[in-house]
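Colleague: I would like a close look at one position in this model, placed in the context of the loops, rings and ligand shell elsewhere in the chain. Please take the answer slowly and keep each claim tied to what was computed.

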Amino acid sequence: MSDSPSVGFVSLGCPKAANDAELVLTRLRAEGYRTAPAYAAADLVIVNTCGFIDAAVTESLEAIGEALAENGKVIVTGCLGAREDLVRAAHPRVLAVTGPHATEEVMTAVHRCLPPPHGPLTDLVPPQGVRLTPEHFAYLKISEGCNHRCSFCVIPALRGPLVSRPVGEVLAEAERLAEAGVKELILISQDTSAYGVDAKYRTGFWGGRPVRTRLKELCAALSGLGVWVRLHYVYPYPAVDDLIPLMAEEKILPYLDVPFQHANPRVLAAMKRPAAAEDMLKRIEGWRRDCPEITLRSTFITGFPGETEAEFQELLDFLEAAQLDRVGAFAYSPVDGAPATALPGLPPEAEREDRRRRLMEAQAGISAQKLARKIGAEMTVLVDAVDEEGVMARGKGDAPEVDGLVCLDDFFAAEPGDFLRVRIIDADTHDLYAQAVEDDDRGAA
Ligand code: SF4
């Protein structure tokens with residue numbers, strides 16, 4: 001095995017890009033390739049790029065340059081790969097360029113540049129494939145591409161229109177992951193709520209049972225696996241309301257990540273986002289009425305072209321009224337090829353950044369107040385890591401990497417992937433502090 005060809009892998013970008021990387025890594029392992037921990041040990045390097053905003057393009061081009069300088073043999077894939085001309089203009093020496101979600105094309109390029117070893121040891125591949133996440137949680141990609149045309153975004157141009165994965169295939173992957181010890185599945189896509197629209201919600205099969213290709217039915221089926229199921233990137237379609245009962249019944253986590261992006265109707269229209277802010281406040285009220293435990297996460301863009309101070313103030317007012325639990329914000333950054341780049345009235349960079357800072361400051365106060373109200377409550381948490389200071393875990397309202405933590409200082413009697421029953425004893429702006437409850441409940445409730 002040590003003579004097997006060795007491939008280095010650099011993966012940038014979002015969880016969707018990480019999922020593409022996992023598919024390629026799984027194929028490499030299945031065919032007997034080794035993965036190299038350093039450039040010098042690799043026979044070639046694959047760079048999985050991101051092209052979402054200009055900063056990501058720069059970072060991706062730098063990563064390709066570094067791989068070329070350190071190794072010399074480089075295959076480029078991922079979102080930036082959809083702009084092959086740009087990649088080749090900056091780095092003419094790359095061996096091949098493919099777009100995102102292109103496992104077959106990447107493998108064809110690998111075979112051409114580095115033939116697979118004879119007699120691959122396919123049984124070395126675990127049934128759940130090769131993953132980049134820790135063993136206890138996994139991203140489950142349910143579709144690729146997007147049918148929207150948000151004016152600040154080039155994803156539909158890079159990844160194409162919505163293509164939903166067959167529901168049976170998604171459920172079979174989820175089942176393999178759960179059997180391999182994964183305790184939390186995080187559903188991702190460009191637009192999770194649109195799952196099945198392209199397939200006209202056709203009926204698929206899983207374990208001989210019919211299941212419709214639709215988010216509600218998919219979630220209901222996943223709830224039978226006994227693991228946490230969390231939804232990311234949910235566009236606020238009316239059908240989202242149908243998911244709330246599943247959350248209230250604890251079949252899936254009471255957690256919605258809904259990227260609102262703004263609250264002013266004129267800015268939303270310029271962004272080509274459909275929702276109006278008053279409607280959203282009503283929807284939020286309804287979600288909270290039907291599922292009081294729900295955690296709402298959203299993201300916003302500040303300093304969109306033409307955004308006035310008054311319109312930004314409206315966004316701050318919305319934030320105050322909506323009392324969201326988790327918020328991320330980006331200062332608008334023009335993206336090559338996105339329609340919004342041509343819009344007039346771009347606020348200066350310092351203003352865009354200052355509005356982002358003001359928004360996050362306002363949200364920090366809301367977050368601190370909401371977390372302080374949890375002091376004294378008991379909850380089930382999933383352990384992420386144990387180090388010399390104690391345990392770092394997450395509650396049902398905390399997605400990995402983007403939300404806060406539940407920390408148990410000086411407590412070490414747990415391992416990653418354990419469920420613990422804890423009592424909250426303190427809180428700060430983003431994180432909670434807890435003690436284990438004696439009679440701990442390790443079930444995936
Ligand atoms: S919903 Fe809008 S922002 Fe999200 S991927 Fe589609 S076009 Fe881009």
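Where is D410 found?

Modeller: Since this is a predicted model, what follows describes computed geometry. D410 is found in the loop that runs between β18 (406-409) and β19 (419-427). Its backbone carries a positive phi, near 60 degrees, in a residue other than glycine. As for its surroundings, D410 counts as exposed because its relative accessibility is 66%, and the cut-off for that label is over 50%.

H101 can be set beside D410, as H101 is likewise a residue other than glycine with a positive phi, here near 50 degrees. H101 has its place in the loop between β5 (96-97) and α4 (103-113), and with a relative accessible area of 36% it is described as partly exposed.

From D410 one can also step back to the other side of β18, where G395 lies in the loop joining β17 (390-394) to β18. With a relative accessible area of 1%, G395 is buried. The C-alpha atom of G395 is separated by 10.0 Å from that of R421, and these two residues are 26 positions apart along the chain.

Other loop positions fill in the picture. V94, in the loop between α3 (84-90) and β5, counts as buried at 5% relative accessibility, and its C-alpha atom is separated by 53 Å from that of K374, a residue 280 positions away along the chain. The loop between β15 (326-331) and α12 (349-372) holds L346, and T341 is found between β15 and α12 as well. L346 is partly exposed, with a relative accessible area of 38%, and T341 counts as partly exposed at 36% relative accessibility. For T341, the C-alpha separation from K282 is 32 Å across 59 residues of chain, while for L346 the C-alpha separation from R273 is 18 Å across 73 residues.

R273 leads on to the ligand, as R273 is one of the residues around it, a group that also includes C146, H148, C150, F152, C153, I155, P156, Q190 and Y235. The ligand itself sits in the largest pocket, and the residues of its shell divide into seven nonpolar, two polar and one charged.

The aromatic side chains give another set of contacts, with the count coming to seven aromatic pairs. One of them joins F260 and F300, whose ring centres are 6.4 Å apart and whose planes meet at 40 degrees, and this pair is classed as tilted. Because F260 lies in the loop between β13 (255-257) and α9 (265-271) while F300 belongs to strand β14 (residues 295-302), the pair ties together parts that are 40 residues apart in sequence. The angle falls between the bounds used, as planes under 30 degrees apart would count as stacked and those over 60 as edge-to-face; the centre distance, for its part, lies within the 6.5 Å limit for a pair. F260 and F300 are both buried, and ring pairs link them with F318 into a cluster.

Charged groups meet rings elsewhere in the model. The charged end of K16 sits over the ring of Y233, at 3.8 Å from the ring centre, whereas for R394 the charged end sits over the ring of F137, at 5.4 Å from that centre.

To return to the position you asked about, D410 combines a positive phi near 60 degrees with an exposed setting at 66% relative accessibility, and its loop leads from β18 to β19.

Technical notes. Residues are numbered from 1 along each chain as its sequence is written. This is a predicted model: local features need pLDDT of at least 70, side-chain atom pairs count only at pLDDT 80 or more; totals for chains, interfaces and linings use all residues. Side-chain values use heavy atoms; hydrogens and water are left out. Rings of Phe, Tyr and Trp (its six-membered ring) pair if their centres lie within 6.5 Å; planes under 30 degrees apart count as stacked, over 60 as edge-to-face and the rest as tilted. Helices (H or I, at least four residues) and strands (E, at least two) are DSSP runs, numbered from the N terminus. Buried means under 20% relative accessible area, exposed over 50%, partly exposed in between (1.4 Å probe, protein chains only). A charge sits over a ring if NZ of Lys or CZ of Arg is within 6 Å of the ring centre and within 35 degrees of the ring normal. A residue is near a molecule or strand if one of its heavy atoms lies within 4 Å of it. On a 1 Å grid over the protein atoms alone, a cavity is a set of points where a 1.4 Å probe fits but cannot get out, and a pocket is an open set with protein on both sides within 12 Å along at least five of seven lines; lining residues have an atom within 4 Å of a point. A molecule sits in a cavity or pocket if more than half of its atoms lie within 2 Å of its grid points. Ala, Val, Leu, Ile, Met, Phe, Trp, Tyr, Cys and Pro count as nonpolar, Asp, Glu, Lys and Arg as charged, and the others, Gly among them, as polar.
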